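User: I am new to this structure and would love a close look at one part of it. Could you walk me through it step by step?

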Amino acid sequence: REVLGDKTLVHNYGHGGGGVSLSWGSAMLAVEELAAGGSLPARAAVLGAGVIGLSTARLLQQRGVSVTIYAKALPPDTTSNVAAAQWNPFLVSARDDFFERAARHSHAAFAKLVGAEYGVHWRPNYVIGGGARGDSLRDLFRDVRDLEPDEHPFPAEHVGRFTTLMIETPVYLAALLRDFRQAGGRVEARAFGDIGQVLDLQDTVVMNCTGLGARGLFGDADLVPVKGQLAVLK
């Protein structure tokens, strides 16, 4: 939370290494941060229309706030659209109370959206060369167990299996944007060149969900991109 002039900003980049997985939980923490000074505002601006921006906007709407999203790119042209969105936030480094709350809140939100409409499905996972999960989130995964040699085809002595949620980002983000608009949300395609343009907005509350864009827009030099690779099998 930051106050600049007459603006109250809440910076919500999500959780690196678990952006989609923890998106609803990240939004919850950001909205709590906004509400810490009292009641929620009647209206707010959200910068960015990736999974963090859309989740934050929807949660604000559900709390009665009128929201306008400002974004230079909308689904399907966001970074979130190419995320490998399996609910398995094991790369997140900050394993604190905030992480635990965000994880459990987000998992519960996704579990309510299972089905083709939102592209959220339960899928099995196999851990080659290691055992099944053993961390504090173990209870959120289904069918967690180590497999016997005759239960799998992999050339490894130890293989674990668990079932978790897979989010098809092209389907999911399109549905989230649809829900936002149907709830009365406004979307304005706009790129901000500097923080002064943000401060010129009429909204006095701004949720900064620009992700990697925050490095240039807000001068956050600590923000570093991470590159991953996906292998898609026919």
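How many residues does H2 have, and what does H2 reach from its first C-alpha to its last?

Analyst: Happy to help! Please keep in mind that this is a predicted model. Helix H2 covers residues 51-62. H2 has 12 residues and reaches 16 Å from its first C-alpha to its last, which is close to the 16 Å expected at 1.5 Å a residue.

Now look at how much of this helix is covered. Of the 12 residues in H2, 11 are buried. The buried ones are Val 51, Ile 52, Gly 53, Leu 54, Ser 55, Thr 56, Ala 57, Arg 58, Leu 59, Leu 60 and Gln 61. What do they pack against? The partners of the buried residues of H2 are H1, strand S3 (43-47), S4, H4 and strand S9 (205-208).

Let us follow one of those partners, H4. Two packed helices are described by the angle between their axes and the distance between the axes. For H2 and helix H4 (residues 169-182), the axes come within 10 Å and cross at roughly 35°. This crossing of H2 and H4 is left-handed. On the H2 side, the residues that take part are Val 51, Leu 54, Ser 55, Ala 57, Arg 58 and Gln 61. On the H4 side, they meet Tyr 172, Leu 173, Leu 176, Leu 177, Asp 179 and Phe 180. Sorted by character, the residues of this contact between H2 and H4 are eight nonpolar, two polar and two charged.

Two residues of H2 also lead us a little beyond H4. Ala 183 is found in the loop between H4 and strand S8 (186-189). Leaving aside its neighbours within four places in sequence, Ala 183 is in contact with Arg 58 and Gln 61, and both of these are buried residues of H2. Ala 183 itself is partly exposed, with a relative accessible area of 48%. Between the C-alpha atoms of Ala 183 and Pro 89, which are 94 residues apart along the chain, the separation is 30 Å.

Next, see what comes after the helix. Just after H2, Gly 64 takes a positive phi of about 90°. Most residues other than glycine have a negative phi, and most peptide bonds are trans. Asp 143, in strand S6 (residues 142-146), is a residue other than glycine with a positive phi, near 50°. At 37% relative accessibility, Asp 143 counts as partly exposed.

S4, another partner of H2, is strand 66-71, and the loop between S4 and H3 holds Asp 77. Pro 76 has its place in the loop between S4 and H3 too, and the peptide bond from Pro 75 to Pro 76 is cis, with omega near 15°. Asp 77 is exposed, with a relative accessible area of 61%. Asp 77 and Gly 211 are 134 residues apart in sequence and 14 Å apart in space, C-alpha to C-alpha.

That loop brings us to H3 for a final look. The 15 residues of helix H3 (residues 97-111) should span 21 Å at 1.5 Å a residue, and its end C-alpha atoms are 21 Å apart, which agrees. Buried in H3 are Phe 99, Ala 102, Ala 103, Ser 106, His 107, Ala 109 and Phe 110. Seen down the axis of H3, these buried residues fall within an arc of 160°, so they line one face of the helix. They pack against helix H1 (23-35), strand S5 (120-128), strand S7 (159-167) and H4. H1 and H4 are thus familiar names, as the buried residues of H2 pack against H1 and H4 as well.

Conventions:
Residues are numbered from 1 along each chain as its sequence is written. This is a predicted model: local features need pLDDT of at least 70, side-chain atom pairs count only at pLDDT 80 or more; totals for chains, interfaces and linings use all residues. Side-chain values use heavy atoms; hydrogens and water are left out. Axes are lines fitted to C-alpha atoms, for helices over the stretch in contact, and angles run from 0 to 180 degrees between N-to-C directions. Helices (H or I, at least four residues) and strands (E, at least two) are DSSP runs, numbered from the N terminus. A crossing is left-handed if the near helix is turned anticlockwise from the far one by less than a right angle, and right-handed if clockwise. Contact means heavy atoms within 4.5 Å. Ala, Val, Leu, Ile, Met, Phe, Trp, Tyr, Cys and Pro count as nonpolar, Asp, Glu, Lys and Arg as charged, and the others, Gly among them, as polar. The expected span of a helix is 1.5 Å times one less than its number of residues. Buried means under 20% relative accessible area, exposed over 50%, partly exposed in between (1.4 Å probe, protein chains only). The arc is that of the directions from the helix axis to the C-beta atoms.
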